[in-house]
Amino acid sequence: MRLYEYEGKILAQKVGIPVPAGKMVDSPEKAREVAGEIKGEVVVKAQILLGGRGKAGGVRFASDPGEAEKVTREMLATRVRDRKVEKVLVEKKLEIVEEMYLGITIDEINKRMILLAGKTGGVEVEAIAQKPGAGFARALVDPFIGVPGFRAKELAKHLGATDKGLGALGNIVSRLYALVQKFDASVAEINPLVKTKDGSYLAADCRVEIDDDAIFRQKELESLGIFPREERGREPTELERKGAEIDRVDHRGVAGRVVEFDGDTALIIGGGGASLTVFDAILKYGGKPANYCEIGGNPTVRKLQLLTELILSKPGVKRLAVVTNVLSNTRVDLVARGVIKGMLNRGLDPRNFPVVFRVPGAWEDEGFRILDKYGIKYFDRTHTMDEAAQYICQMGRS
Ligand code: GDP
Ligand code: MN
């Protein structure tokens, strides 16, 4: 579960990481009040579950309470990165002299937490971190040892701290690891971690994700005002909503869990790990998926037909791949019938429109006969999903 910045900062404070004075509010009047309490210039920050707010108008400054009210009113009325803004964080504006990066997450390859520290943080950090010599230090954390003081200070030194700063910044490093431990976070990131004019270090931004499987034991979150919630990511697109409707038409099987992308290759794939493999293979061969769409559990011909029509209705779709692992619980012939009906209903001739099948499984002989009849290229189980992906990526290209 991803937390809002203000929630992350509550946890940061709890473990002793300094954060700017401020408060989350949900109305312009309250923003005015908080700005009055803070005195001086404030920053008004849109609370959405996405980064990149700085560049998208989601971080704005105000020099007095009146302006804070006005800025908040505007922010609550607009969208930031296409998300509705329902809350803002009003904070004391810092006099920043340096912006750094500090993060902890799971290193899936080494199966350990990894600490990342970068001398240059801020809104461009993704671009910066890609460049060689970007000054990013990494340190795997031994779970039996944690982050010893000397290790934390080493990272602080790497970030450019000297003298008293080593202790202050080192503390933030150890405490961020404490946060991860205490709250079962899978990500804890401070970007930017700032040094202010008076030499102190603070978390100017804070992103925390709590491991969903650990939420049941994180009872303290509720007492801090952080409540478990559905992960909603972005709002569903119209196409995705229609896909969900198609799946609801009939209880039999799954056909219509659609995620929309902006590519030109429509995908009907089997769900689970295999479909991720297909998705990756499409990308590997230079294809651009127009959607991610799972099928399984023997959906009806009608559901498949409607689904095919839906994903082919997306403007700019140039090819279709129906690729799954070996299906034991879904009839290949029904999949073939549904997809072909959908194509024909859209006025697409399967002999001309680039389409490939790799759907081995139950009733496959019947399925292959239907595909043959319509002149559709298919791969049987002696060929990999990867081959089918490669094939479709080369189709319809000159
Ligand atoms: P993000 O873009 O969603 O990651 O939002 P951040 O909270 O990281 O803010 C983006 C940028 O706004 C930071 O990198 C800072 O440059 C700037 N910023 C945020 N808070 C302050 C502040 O209190 N004072 C100053 N001067 N700049 C700030
Ligand atoms: Mn940030």
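The questions and answers below deal with a predicted model.

User: Which helix gives the most residues to the largest nonpolar core?
Analyst: The largest nonpolar core has 43 residues, and L11, L115, L169 and L179 touch the most other members. In soluble globular proteins, nonpolar side chains tend to be buried together. Eight residues of this core come from the helix that gives the most, which is α6 (residues 164-183).

User: How many residues are in the other core, the one that includes I295?
Analyst: This core lies apart from the largest one. Among its members are I295, I311, V335 and L371, and its size is 33 residues.

User: Beyond four places in sequence, which residues is L169 in contact with?
Analyst: L169 is one of the residues that touch the most other members of the largest nonpolar core. Once neighbours within four places in sequence are set aside, the contacts of L169 are M100, A156, L159, A161, L193 and Y201.

User: Which strands stand at the edges of the sheet β1-β6-β2-β3?
Analyst: The sheet is open, has four strands and pairs in antiparallel fashion. From one strand to the next, the twist averages 20 degrees. An edge strand here has a single partner, so one side of it is left without a neighbour in the sheet; this applies to β1 (22-25) and β3 (59-62).

User: Which residue of β3 is the bridge partner of V43?
Analyst: Strands of a sheet pair through backbone hydrogen bonds, either parallel or antiparallel. Strand β2 (residues 42-46) runs antiparallel to β3, and four bridges join them. In β3, the partner of V43 is F61.

User: At about what angle does helix α3 run to β3?
Analyst: Helix α3 covers residues 65-77 and lies across β2, β3 and β6 (88-92). Angles are taken between N-to-C directions and run from 0 to 180 degrees. For α3 and β3 the angle is about 155 degrees.

User: Is D205 buried or exposed?
Analyst: D205 is found in the loop between β11 (201-203) and β12 (207-210). Buried means under 20% relative accessible area. D205 has 18% relative accessibility, so D205 counts as buried.

User: Which side chain makes a polar contact with the side chain of D205?
Analyst: Beyond four places in sequence, D205 is in contact with several residues, including E5, K9, K45 and R53. The polar contact, at 3.2 Å, is with the side chain of R53.

User: Which two residues coordinate the manganese ion (ligand 2)?
Analyst: One of the pair lies in strand β10 (residues 185-196) and the other in the loop between β11 and β12, 14 residues apart. N191 is buried, as is D205. The coordination is at 2.2 Å, through N191 (O) and D205 (OD).

User: What separates the C-alpha atoms of V97 and V194?
Analyst: V97 lies in strand β7 (residues 96-107). Leaving aside neighbours within four places in sequence, V97 is in contact with K195, T196 and K197. V97 and V194 are 97 residues apart along the chain, and their C-alpha atoms are separated by 7.3 Å.

User: Which residue has its backbone oxygen 3.0 Å from a polar atom of the side chain of K303?
Analyst: K303 is found in helix α10 (residues 301-312). With 0% relative accessibility, K303 counts as buried. Beyond four places in sequence, its contacts include I246, D247, D250 and H251. The backbone oxygen at 3.0 Å belongs to R252.

Definitions and conventions:
Residues numbered from 1 in each chain as written. Chains lettered and ligands numbered in written order. Predicted model: local features only at pLDDT ≥ 70, side-chain atom pairs only at ≥ 80, totals over all residues. Heavy atoms only, no water. Core = buried A, V, L, I, M, F, W, Y, C linked by side-chain atoms within 4.5 Å. Buried < 20%, exposed > 50% of the residue type's maximum accessible area, 1.4 Å probe, protein only. Helix = DSSP H or I, 4+ residues; strand = E, 2+ residues; numbered from the N terminus. Contact = heavy atoms within 4.5 Å. Pairing = 2+ DSSP bridges. Polar contact = N/O pair within 3.5 Å; in protein donor to acceptor, adjacent residues only side chain to side chain. Donors = N, O, S within 2.8 Å, 3.2 Å for Na, K, Ca; no water.
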